[in-house]
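I set out to record what I looked up in this structure, entry by entry. The ligand site comes before the helix and the backbone geometry.

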Amino acid sequence: MSEKSIFKRIIDKEIPADIVYEDDLCLAFRDLSPQAPTHVLVIPKKEIKSVATITDQDQALIGHLYLIIRNIARELGLGNGYRVVANCGAEGGQTVDHLHFHLLGGRQLKWPPG
Ligand code: AMP
């Protein structure tokens, strides 16, 4: 039986996703249940469960992900601003155990989050 997370299955092209960017290190695709007009998930291809399990060796990878987030935000016209969110663990609201950054924009976002 497969132990793969849903995001690993998207990386491996076993299930479809609306991919907006891909390179050797990461993949970005639209969230199935968008919480804003633009809602993209940016994930490393490396299997990292959450922010809590990032290692020192992942420093450059995490920097790369943020540069890609910046580029995607520019390309999708989020010049008025956007939010980048990584939910971590049960109390953080994480539901998929593969590190992902939510890129949300296209409307006025409120603070604090629920
Ligand atoms: P989180 O709750 O922070 O772990 O975020 C997981 C996100 O993944 C949620 O916003 C879901 O809507 C999204 N999601 C789950 N399955 C898929 C999928 N197959 N394709 C795209 N987004 C998904």
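The entries below concern a predicted model.

**Entry 1. The ligand shell.** I began by asking how many residues surround the ligand. The count is 16, and the closest are D31, N87, T95, H100 and H102. I then sorted the shell by residue type: seven residues are nonpolar, seven are polar and two are charged. Next I looked up which secondary-structure elements contribute. Helix α1 (6-11) and strand β2 (26-30) each supply at least two residues of the shell. The largest share, three residues, comes from α1.

**Entry 2. Polar contacts of the ligand.** I looked for N and O atoms of the protein close to those of the ligand, with 3.5 Å as the cut-off. For T95, a backbone N or O atom lies 2.7 Å from an oxygen atom of the ligand. H102 also approaches a ligand oxygen, here through a polar side-chain atom at 2.8 Å. At L32, a polar backbone atom is 3.1 Å from a nitrogen atom of the ligand. I then checked how far the protein covers the ligand: taken alone the ligand exposes 500 Å², of which the protein buries 83%.

**Entry 3. Helix α2.** I turned to α2, which runs over residues 59-75 and has 17 residues. From first C-alpha to last, α2 reaches 25 Å, close to the 24 Å expected at 1.5 Å a residue. Which residues of α2 are buried? I found L61, I62, L65, I68, I69, I72 and A73. Viewed down the axis of α2, these buried residues fall within an arc of 135°, so they line one face of the helix. The general pattern is that an α-helix has 3.6 residues a turn, so residues three or four places apart point the same way. On the other side of α2, I noted Q59, A60 and R74 as exposed.

**Entry 4. Backbone geometry.** I kept the usual expectation in mind: most residues other than glycine have a negative phi, and most peptide bonds are trans. I noted K13 for its positive phi of about 60°, although K13 is not a glycine. K13 sits in the loop between α1 and β1 (19-22). Is K13 buried, exposed or partly exposed? Its relative accessibility is 47%, so I entered K13 as partly exposed, a class that lies between under 20% for buried and over 50% for exposed. I also noted the peptide bond from W111 to P112, which is cis with omega near 5°. P112 belongs to the segment after β5 (101-105).

Definitions and conventions. Residues are numbered from 1 along each chain as its sequence is written. This is a predicted model: local features need pLDDT of at least 70, side-chain atom pairs count only at pLDDT 80 or more; totals for chains, interfaces and linings use all residues. Side-chain values use heavy atoms; hydrogens and water are left out. A residue is near a molecule or strand if one of its heavy atoms lies within 4 Å of it. A polar contact is a pair of N or O atoms within 3.5 Å; within protein, one must be able to donate a hydrogen and the other to accept it, and residues adjacent in sequence count only if both atoms are side-chain atoms. Accessible areas come from the Shrake-Rupley method with a 1.4 Å probe; for residues, only the protein chains shown count as cover. Helices (H or I, at least four residues) and strands (E, at least two) are DSSP runs, numbered from the N terminus. Ala, Val, Leu, Ile, Met, Phe, Trp, Tyr, Cys and Pro count as nonpolar, Asp, Glu, Lys and Arg as charged, and the others, Gly among them, as polar. The expected span of a helix is 1.5 Å times one less than its number of residues. Buried means under 20% relative accessible area, exposed over 50%, partly exposed in between (1.4 Å probe, protein chains only). The arc is that of the directions from the helix axis to the C-beta atoms.
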